[in-house]
Amino acid sequence: MTGNRPLPPQFAALAPFVAEWALPSEEARLAKLVRTPIAELKVFYDAMFARAEEMKHYLSGFRLEAMPEDAATLLDLLLTFVETAHPIELNWSETDIDDAFALDRMTIGRFNTFPPA
Amino acid sequence: MNEVTQTQFFGDFSRLRSRIDMLARFQPEFYAAEVERIFRRAWLPVASVTDLPRENCYVVADVPPLKASLIVARGADGKVRAFYNVCRHRGARLVKDHAGCRKALSCGFHGWTYATDGRLIGVTDKTQFPDLDPEQHGLVAVNTEVWEDFVFVNFADKPEQTLAQWLGKFADQYTGFFSDRQRIASYRIVVDANWNVAINSFSEGYHAAYVHRKTVPDYQGGKKNPQRHRAYLEITEHHGRYSAQANPNRRVTPVEAIAYGDGRPLYPSFPPFSETTLPLPPGVNASRDENWGFDVAEVFPVLIWIIGAHWHANLWFWPMGADKTDVRVEFFAYKAQTVGDALSHAYFRTRLREVFREDVGTMEQVTNALRSGAMRDIVLSRQEFLLQQHYAVADAMLGRSA
């Protein structure tokens, strides 16, 4: 679903990142993060960091619940950037922490006590 | 040795012990006693009122130590009740999904139907049950009380204390705090760890400089409090809480600055308390420390709160056996209205998620090491008084002499 999502014209330069990084949920963003080598994450981080304030400014004109399709793509890119910045900013050597609890044993977002998000 | 501390201590610490015998707690018979003497007698938080937004909404809450599945429902009369999730006909699981809003709950086995207040309102082929009195066959209720955003249940036939008595000093000190929030993340992990070890991972801050050196290296401490002593630590009859101090000279990373630039600052950003525009109830940052970071409270026996000005986390530690624990976590924050709020939420939930995963990473190691019998007792500092309190309360309920 992410392959052909539109971007606002002034952010067309970010199009190469859309398919891989404009992700719709925390679960998808985390899965992408931990399967990406840190050097590749840094490429995404740098590209996004250069435009992040501009993206924020553009998106601030829209309501969260009524986001046009191209702005929604941009917001997913920005949210993925925010959610995956920690390994770069905290100087981890990998995109996951070696002594944290294994991700494949963690259920994200829905389990039997709580309704789905 | 003179104590050097920056902590204000409150409460009766006379029954606390700095040495805790752990090996016995991993034995199945000890666990059986914990189930009967702690979990069957304590008030247990099992659900959030947030999830019951209107009449006829329900959630299913599993309570592993009691091997119980509960339906927590808001009836057509608006009242919240909890029932065993069991059809009174043959004992089938009544509700199989985990949440919804329906006027009637029908059993998939033979079609018996119940109202959301538990009444049996429909029996299929009823004439074939000549001696059935529907009024005697409503869902089996469990003692239920609502406090703030939490639904508590008590499995005793007759609870020894009311919920207000059980909560003690906490009961009227968090008014409104947990309301008007949005759940922004939830996680579940089943760990091969003892539930005491699991909950102990979250009720002291002594570990933070070490376990969390990769995720939040400098959020506490600083020049004025290098040992990161709690600003405030209090124990009550059953529970305990403390306030952690922020490091005012913490390094803010570039993306944190972007993420919190338009929304409200969330963990690990802790502005001076006097800049917090919210009215916060007296239980939150109880000492009104200007340098406040966040609070941690243990609501014995299963719940930990981590509380900041605009956010909180609920962490449940449900024992499934002597060495298996169902850890359920949810993060709440103020409701998002703008893109800036969504960015705040995104940064917060992922930064705190990684901190949480580091804490969970210690539980199985500690359980395995202690279960080996390598050592008999653990030794606890005064900064770990909430752990001492946990065992004092547990052992009192178990009838163990100190």
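Guide: Helix axes here are lines fitted to C-alpha atoms over the stretch in contact, and the angle between two N-to-C directions runs from 0 to 180 degrees. In chain A of this predicted model, the axes of helix H2 (residues 26-34) and helix H4 (residues 69-84) come within 10 Å and cross at roughly 60 degrees.

Visitor: Why is H2(A) called oblique to H4(A)?

Guide: An angle under 35 degrees counts as roughly parallel, over 145 as roughly antiparallel, 65 to 115 as roughly perpendicular, and the rest as oblique. The angle of roughly 60 degrees is in none of the three named ranges, and therefore H2(A) is oblique to H4(A).

Visitor: What makes the crossing of H2(A) and H4(A) right-handed?

Guide: The sense of turning decides: a near helix turned anticlockwise from the far one by less than a right angle gives a left-handed crossing, and one turned clockwise gives a right-handed crossing. H2(A) passes H4(A) in the right-handed way.

Visitor: How do you know which residues of H2(A) meet H4(A)?

Guide: Contact means heavy atoms within 4.5 Å. By that test Glu26(A), Arg29(A) and Leu33(A) in H2(A) meet Asp76(A), Leu79(A), Thr80(A), Glu83(A) and Thr84(A) in H4(A). By class, these are two nonpolar, two polar and four charged residues, where Ala, Val, Leu, Ile, Met, Phe, Trp, Tyr, Cys and Pro count as nonpolar, Asp, Glu, Lys and Arg as charged, and the others, Gly among them, as polar.

Visitor: What makes a stretch of chain A a helix or a strand?

Guide: Both are DSSP runs numbered from the N terminus, with at least four residues for a helix (H or I) and at least two for a strand (E). Chain A has five helices and one strand, and read along the sequence they follow the pattern α-α-α-α-α-β.

Visitor: Turning to chain B, how are helix H1 (residues 28-39) and helix H8 (residues 385-398) packed?

Guide: Their axes are 9 Å apart and the angle is about 85 degrees. This value belongs to the perpendicular range already given, so H1(B) is roughly perpendicular to H8(B). Phe30(B), Ala33(B), Glu34(B), Arg37(B) and Ile38(B) in H1(B) meet Ala394(B), Met397(B) and Leu398(B) in H8(B), and the contact divides into six nonpolar, no polar and two charged residues.

Visitor: What is meant by the area that chain B and chain A bury between them?

Guide: Buried area is the accessible area, taken with a 1.4 Å probe, that two parts lose on being put together, summed over both. For chain B and chain A the value is about 4100 Å², with 60% of it on carbon and sulfur atoms. Ile258(B), Val339(B) and Arg357(B) supply 17% of the area that chain B buries against chain A, more than any other three residues. The contact takes 53 residues from chain B and 42 residues from chain A.

Visitor: Why are Pro268(B) and Arg228(B) pointed out?

Guide: Most residues other than glycine have a negative phi, and most peptide bonds are trans. Tyr267(B) and Pro268(B), however, are joined by a cis peptide bond with omega about 0 degrees, while Arg228(B) has a positive phi, near 60 degrees.

Visitor: How should the numbering and the values be read?

Guide: Residues are numbered from 1 along each chain as its sequence is written, while chains are lettered from A and ligands numbered from 1 in the order in which they are written. Local features need pLDDT of at least 70 and side-chain atom pairs count only at pLDDT 80 or more, whereas totals for chains, interfaces and linings use all residues, and side-chain values use heavy atoms, with hydrogens and water left out.
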